[in-house]
Amino acid sequence: MPNSFMPPWWAKSPHIQTILPVLTKVAKPTLTRQRIELPDGDFIDLDWQDFPQQGKPIVVIIHGLEGSAASHYARRILLSCKEQQLSAVVHHHRSCSGEANRLARSYHSGDTDDLQFSLSTLKHAYPQSPLLAVGYSLGGNVLTKYQGEYQESSLLTRAVVVSAPLQLSACAKRLENGFSKVYQSYLIKQLQKKINHKLADPDLANTLPLSRLQVEQLNTFYDFDDKVTAPLHGFSGVDDYYIRASGLPFVNRITKPTLIIHAKDDPFMTDDVIPHPSQISEHVEYELHSYGGHVGFIEGGTPWKPRFYLERRILDFLRGDAVFDEHLFGNIEQGNNDAHSL
């Protein structure tokens, strides 16, 4: 079954599932960068692996918090797209492509405007090409909200959401407890570094709502989002941000085929992210697995060469038997588990 997942005995720990993929070497793809200028004077970068022929589908990859095309999951899905002769492009959030963005603001969990601008750019350049998308973690929340906001106007034919923090306040609190604090600390340090870089720029420092000393004291997502994310992006405070940016209320509004994948043991989340059946649109396929960690889902192999469930499942869904004719994908043999081992 395409949605059957069970980890090997050595990878049942959620922390093994979460950390080992980060440490596993993945081949670096050859990418070509396209810069998109935004209406507010800022920019976002797209990293392409194989530009498509007109009419051929494009897989759009939306990374998570402080991720990029270099993230382990992005590299693996790029590799799998290459194997299946699919064009793929990574949509970078502002400031995540290796170059600081121009404005004081950056990106956040509910920012669908930049994604819409990126997708519109792709649709203008390749009007006959179906756009498919996969969003991971924060990028998955953005993608869920986008699908629910735009509904039939969504520029995507199909979408997959992986390990998305669909209830932001619950996830922020979860990361303040137990071993999950390690993940919070790692990510907060990256966010602090970016804000401090902007504070060192005289043109931006005056537009930021706090000082370098205050930034160093923001040690939780709740505090960082209250003092930085919310005011920089037009929210009245952290609670306003978490309510308005969470993807969960948008799940039942989705009208395009969308797959959402969660692991019940995800150390970034609580059961609050799991939608009740009444909250799930008929166009949404929801998978809740007992294991998998956060963007992990190791299904076999060895600790030195793990084999992953995600790439196979994502592309199986995006290819969608009833959606695409043979001429769109060509005569591509369906990948098997071994094709995605590292």
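**Entry 1. R312**

I began with the burial of R312 in this predicted model. R312 has a relative accessible area of 11% and is therefore classed as buried, the limit being under 20%. I placed R312 in helix α11, which covers residues 310-319. I then asked which side chain R312 joins in a polar contact. The partner is E299, and the contact between the two side chains is 2.7 Å.

**Entry 2. Helix α1**

I next looked up helix α1, residues 14-23. I noted its buried residues as Q17, T18, L20 and P21. An α-helix has 3.6 residues a turn, so residues three or four places apart point the same way. I then listed the elements against which the buried residues of α1 pack. Two of them are helices, α2 (72-83) and α6 (180-199). The others are the strands β9 (298-302) and β10 (305-308). At the N-terminal end of α1 I found a cap formed by S13. A side-chain oxygen of S13 lies 3.1 Å from the backbone nitrogen of H15.

**Entry 3. Nonpolar cores**

I examined how the buried nonpolar residues are grouped. The largest nonpolar core contains 61 residues. Within this core, I recorded V60, L119, L122, L143, L156 and F221 as the residues with the most contacts. Helix α6 supplies the largest share of this core, with six residues. I found a second core, separate from that one, which has 28 residues and includes V134, L259, Y309 and F317.

I followed L119 further. Setting aside residues up to four places away in sequence, L119 touches V60, L131, Y146, L155 and L156. V60 and L156 are also among the residues with the most contacts inside the largest core.

**Entry 4. A172**

I turned to A172, which is found in helix α5, residues 168-174. Is A172 buried or exposed? I assigned A172 to the buried class because its relative accessible area is 4%. With neighbours within four places in sequence left aside, A172 is in contact with Q184, F221, Y222 and Y242. One of these, F221, appears in the list of residues with the most contacts in the largest core. I also checked A172 against D225: the two are 53 residues apart in sequence, and their C-alpha atoms are 9.4 Å apart in space.

**Entry 5. T255 and Q151**

I located T255 in the loop between α10 (238-245) and β7 (258-263). T255 is partly exposed, because its relative accessible area is 21% and the buried class ends under 20%. Beyond residues up to four places away in sequence, T255 touches Q151, E152 and H283. I looked up two polar approaches made by the side chain of T255. Its distance to the backbone oxygen of Q151 is 3.5 Å. The backbone nitrogen of E152 lies 3.1 Å from a polar atom of the T255 side chain. For a pair separated along the chain, I took T255 and G64, which are 191 residues apart in sequence and 24 Å apart in space, C-alpha to C-alpha.

I then inspected Q151 itself. Q151 is in the loop between α4 (138-150) and β6 (158-162). Its relative accessible area of 29% makes Q151 partly exposed. I noted a positive phi of about 50° for Q151, although Q151 is not a glycine.

**Entry 6. D50**

I recorded D50 for its backbone angle. D50 has a positive phi of about 70° and is not a glycine. D50 lies in the loop between β2 (43-49) and β3 (58-62). With a relative accessible area of 34%, D50 is partly exposed.

**Entry 7. Cavities**

Rolling a probe the size of a water molecule over the atoms shows where empty space is left. How many cavities of 30 Å³ or more does a search of the whole structure find? I counted two.

The largest cavity has a volume of about 60 Å³. I listed its lining as H262, A263, K264, D266, M269, T270, D271, V273 and I274. By class, that lining has four nonpolar, two polar and three charged residues.

The second largest cavity has a volume of about 40 Å³. H91, H93, Y107, H108, D111, D114, L115 and V142 line the second largest cavity. I sorted these by class as three nonpolar, three polar and two charged residues.

Key:
Residues are numbered from 1 along each chain as its sequence is written. This is a predicted model: local features need pLDDT of at least 70, side-chain atom pairs count only at pLDDT 80 or more; totals for chains, interfaces and linings use all residues. Side-chain values use heavy atoms; hydrogens and water are left out. On a 1 Å grid over the protein atoms alone, a cavity is a set of points where a 1.4 Å probe fits but cannot get out, and a pocket is an open set with protein on both sides within 12 Å along at least five of seven lines; lining residues have an atom within 4 Å of a point. Grid points are joined across faces, edges and corners, and a volume is the space filled by probe spheres set on the points. Ala, Val, Leu, Ile, Met, Phe, Trp, Tyr, Cys and Pro count as nonpolar, Asp, Glu, Lys and Arg as charged, and the others, Gly among them, as polar. Buried means under 20% relative accessible area, exposed over 50%, partly exposed in between (1.4 Å probe, protein chains only). Helices (H or I, at least four residues) and strands (E, at least two) are DSSP runs, numbered from the N terminus. Contact means heavy atoms within 4.5 Å. A polar contact is a pair of N or O atoms within 3.5 Å; within protein, one must be able to donate a hydrogen and the other to accept it, and residues adjacent in sequence count only if both atoms are side-chain atoms. A nonpolar core is a set of buried Ala, Val, Leu, Ile, Met, Phe, Trp, Tyr and Cys residues joined through side-chain atoms within 4.5 Å.
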